[in-house]
Amino acid sequence: MVRIINGRGQLGEKLQRYTNIKSLLDVAIYHTWQVTYSGDSNMSKEMIQLNEYNKLVEFSNKNPNTKIIFISTTSQRSSWYTYYKEQAEAYLLANHDSCIILKFPAFIGKGILPKLKSGEINPYGTIELITLDKAAETVEEYIYYNGLKRVFTIEGEKIEAKTLVEILNV
């Protein structure tokens, strides 16, 4: 059986179609990680990300025989989000025998693109993007994978961030 853990958001919607896949193994696509928090302003960004990390550790411990496909990031940004995603990857590799880590670039959707377009964030350097359909298809490819290599960096399309903003503002 293939399960999606959380499965909300843009990629989660695309991944729903794979829950009908029959598998001899219990497979969990771990796609639940809060990037930002808009509610309790008393909770620090670090604590929010530590909480997400602890949820993954708890899930891993409660599901030792489940193959976990962990959706991670290729982000090079220095942030608590990236820090704890990397900690989660390390934890899974050291403690969960049946795991796959898929490191994706930014998704084309409601995340970074509207922020670039509105000027909320400034364009800098090169940005790598992947469509939600391509990301979902990539996850599907790894449902039956059982090789020794467990960390995969998924490539997208690279474009200068300033050029992307110009395209968005046409």
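# Close-up views of a predicted model

**View 1. Thr-66, a buried loop residue.** At a relative accessibility of 3%, Thr-66 counts as buried. This and every other value given in these legends comes from a predicted model. Thr-66 lies in the loop that runs between α2 and β3. Its side chain forms a polar contact of 2.7 Å with the side chain of Asp-26. When neighbours within four places in sequence are left aside, the residues in contact with Thr-66 are Arg-3, Asp-26, Val-27, Ala-28, His-96 and Ser-98.

**View 2. Strand β3 and its two faces.** In a regular strand, side chains alternate between the two faces of the sheet. From β3, Lys-67, Ile-69, Ile-71 and Thr-73 point one way, while Ile-68, Phe-70 and Ser-72 point the other way. How many of the residues of β3 are buried? Seven of its seven residues are, and the strand is thus described as mostly covered.

**View 3. The partners of β3 in the sheet.** Strands β2 and β3 pair in the parallel sense, with four bridges between them. Within this view, Tyr-30 stands opposite Phe-70 of β3. Strands β3 and β4 also pair in the parallel sense, over six bridges. Here the bridge partner of Thr-73 is Phe-104 in β4. Between these two strands the chain passes from β3 through α3 to β4, a β-α-β crossover that is right-handed.

**View 4. Helix α3 and the elements it packs against.** Helix α3 comprises 16 residues, from 80 to 95. From its first C-alpha to its last it reaches 22 Å, close to the 22 Å expected at 1.5 Å a residue. Which residues of α3 are buried? They are Tyr-81, Thr-82, Tyr-84, Lys-85, Ala-88, Glu-89, Tyr-91 and Leu-92. These buried residues pack against α2 (45-62), β3 (67-73) and β4 (99-104).

**View 5. Ser-60, a buried residue of α2.** Ser-60 is found in helix α2. With a relative accessible area of 2%, Ser-60 is buried. Its side chain makes a polar contact with the side chain of His-96, at 2.8 Å. Apart from neighbours within four places in sequence, Ser-60 is in contact with Ile-68, Tyr-91, Leu-92 and His-96. Of these, Tyr-91 and Leu-92 are among the buried residues of α3.

**View 6. The largest nonpolar core.** This core has 20 residues, of which Ile-29, Ile-69, Leu-102, Phe-104 and Val-139 touch the most other members. At least two core residues come from each of β1 (2-6), α1 (9-15), β2 (27-31), β3, β4 and α5 (132-141). Helix α5 gives the most, with four residues. Not counting residues up to four places away in sequence, Val-139 touches Leu-15, Ile-29, Ile-69, Ile-71, Leu-102 and Phe-104. A second core, separate from this one, has 17 residues, including Ile-5, Tyr-30, Ile-68 and Cys-99.

**View 7. Glu-140, a partly exposed residue of α5.** Glu-140 is found in helix α5. Is Glu-140 buried or partly exposed? Its relative accessible area is 33%, so Glu-140 is partly exposed. Glu-140 and Ile-101 are 39 residues apart in sequence, and their C-alpha atoms are 13 Å apart in space.

Definitions and conventions:
Residues are numbered from 1 along each chain as its sequence is written. This is a predicted model: local features need pLDDT of at least 70, side-chain atom pairs count only at pLDDT 80 or more; totals for chains, interfaces and linings use all residues. Side-chain values use heavy atoms; hydrogens and water are left out. The expected span of a helix is 1.5 Å times one less than its number of residues. Buried means under 20% relative accessible area, exposed over 50%, partly exposed in between (1.4 Å probe, protein chains only). Contact means heavy atoms within 4.5 Å. A nonpolar core is a set of buried Ala, Val, Leu, Ile, Met, Phe, Trp, Tyr and Cys residues joined through side-chain atoms within 4.5 Å. A polar contact is a pair of N or O atoms within 3.5 Å; within protein, one must be able to donate a hydrogen and the other to accept it, and residues adjacent in sequence count only if both atoms are side-chain atoms. Two strands pair if DSSP finds at least two bridges between them. A crossover is right-handed if, with the strands pointing away from the viewer, the path from the first strand over the helix to the second runs clockwise.
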